[in-house]
Amino acid sequence: MDQLRTLIVVRETGTALGAARRLGREQSSVQKQLDTMNRTFAALCGEELVLKQGRGRDALFTGTGEAVVELARHTLGVWSDGVHDARRRLGHTLSVGTTRYTLGFLLDAVERVGEEFERDGVDLKVTHIRTGDLFARLRSKEVDLVCGSVVVTAADEAELLAPYEVMEWRRSGLSLLTNLPPERLPGTSFAARDLPRLPLVVSAGGLIARFLSASYGADYRQKLNVAAEIEAANYGFELLRSGVVSGAMLVTRGIGEAAAGGKLPEAGGLRTLELVGEAGPRAEVLVGVFTRRGERTSYAPGHPLGLLWDALSQESERWWFRA
């Protein structure tokens, strides 16, 4: 295994010296491993893996060498995944993902299980996840549990959620945060069917884009007046607060409520309007906790995934901000 790892690093860095530096070894140690592998594969396949090219030049990998590098990457990847699965099953590690606006809720739940995790030596890893990547990160087993939001419609909800166990916190629509004065945009609500007449700040991807696609179709940019596309909500708040863009920003209803309640300082000074009615197929924002279906119940009692799930359930009733 160590020889295979060395071979991969030589391929990535180009030289034995580069590999030695990355691995924290002597160049002679790396070269000795390469020589051993060359002799082995010359006997097995009739061709060495790596040919020296002279001082200052990258090593030349033969056809056999390139094939073995790809095989080594696959082999080490499978072993790494297997070891991680074993650690996960035994409760030695737990990987949790959270979107920007559910982190506080997760941290409150972690406080409930912190002493047990510390006592049992659980390696808890917390990762920021964009809403659009939520299910992909669960499918790839990069994370074991995610706190976040997804968009569902009546047509796709059952199929979309079938692979996952869901602790539902809330379902809602969208809100608007605006810097337009009340005389231009009066009231506390706004009809979804009238969105095309407003200059809008919208996210280029993720939950808002999916919501708009479900409501207006994939060509929603041609149907709406998109004044600015953003990658992160904070950038949209800054655009509106600075006055560079005059209009309204689409956000989840939870974010809108937090802004209206003064609990989102970065959106200070912006008004909140609830988006009401529908412009197309009914789409909802489902906020909650997601994990792979059947995994939690397959583990032994006291497993970290089950403990954190229970803590999240207890916290859900008193959490002031669900978004």
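In the predicted model, helix H1 comprises the 12 residues 2-13, for which a rise of 1.5 Å a residue leads to an expected span of 16 Å; the C-alpha atoms at its two ends are 16 Å apart, so the expected and computed spans agree. Within H1, the run formed by Thr6, Leu7, Ile8, Val9 and Val10 is buried, and the elements covering the buried residues of this helix include helices H2 (16-23), H3 (27-45) and H4 (63-89) together with strands E1 (50-51) and E2 (60-61). The residue that follows H1 is Gly14, which has a positive phi near 100°.

The packing of H1 against H2 was examined further. Two packed helices are described by the angle between their axes and by the distance between those axes. The axes of H1 and H2 come within 8 Å and cross at roughly 115°, and the crossing in which H1 passes H2 is right-handed. On the H1 side, the contact is made by Arg5, Thr6, Val9, Val10, Glu12 and Thr13, which meet Ala16, Gly18, Ala19, Arg22 and Leu23 of H2. By character, the residues of this contact divide into 5 nonpolar, 3 polar and 3 charged. Of the H1 residues taking part in it, Thr6, Val9 and Val10 also belong to the buried set of that helix.

The largest nonpolar core of the model contains 47 residues, and those with the most contacts inside it are Leu176, Leu195, Leu250, Leu308 and Leu312. When neighbours within four places in sequence are left aside, Leu176 is in contact with Phe190, Leu195, Leu198, Leu200, Ala248, Met249, Leu250, Arg271, Thr272, Leu273 and Leu275. Another core, of 17 residues, lies apart from the 47-residue one, and Ala228, Ile230, Leu239 and Ala258 are among its members.

Two charged residues in short helical segments were also considered. Arg221 is located in helix H9, which covers residues 220-223, and is classed as partly exposed because its relative accessibility is 36%, which falls between the limits of 20% and 50%. Not counting residues up to four places away in sequence, Arg221 touches Ala204, Val226 and Glu229; its C-alpha atom is separated by 31 Å from that of Leu103, 118 residues away along the chain. Glu295, in turn, lies in helix H12, spanning residues 295-298, and counts as buried because its relative accessibility of 13% is under 20%. Beyond its neighbours within four places in sequence, Glu295 is in contact with Arg88, Asp144 and Leu305.

Notes. Residues numbered from 1 in each chain as written. Predicted model: local features only at pLDDT ≥ 70, side-chain atom pairs only at ≥ 80, totals over all residues. Heavy atoms only, no water. Core = buried A, V, L, I, M, F, W, Y, C linked by side-chain atoms within 4.5 Å. Buried < 20%, exposed > 50% of the residue type's maximum accessible area, 1.4 Å probe, protein only. Contact = heavy atoms within 4.5 Å. Helix = DSSP H or I, 4+ residues; strand = E, 2+ residues; numbered from the N terminus. Expected span 1.5 Å × (residues − 1). Axes fitted to C-alpha atoms, helices over the stretch in contact; angles between N-to-C directions. Left-handed = near helix turned anticlockwise from the far one by under 90°. Nonpolar A, V, L, I, M, F, W, Y, C, P; charged D, E, K, R; others polar.
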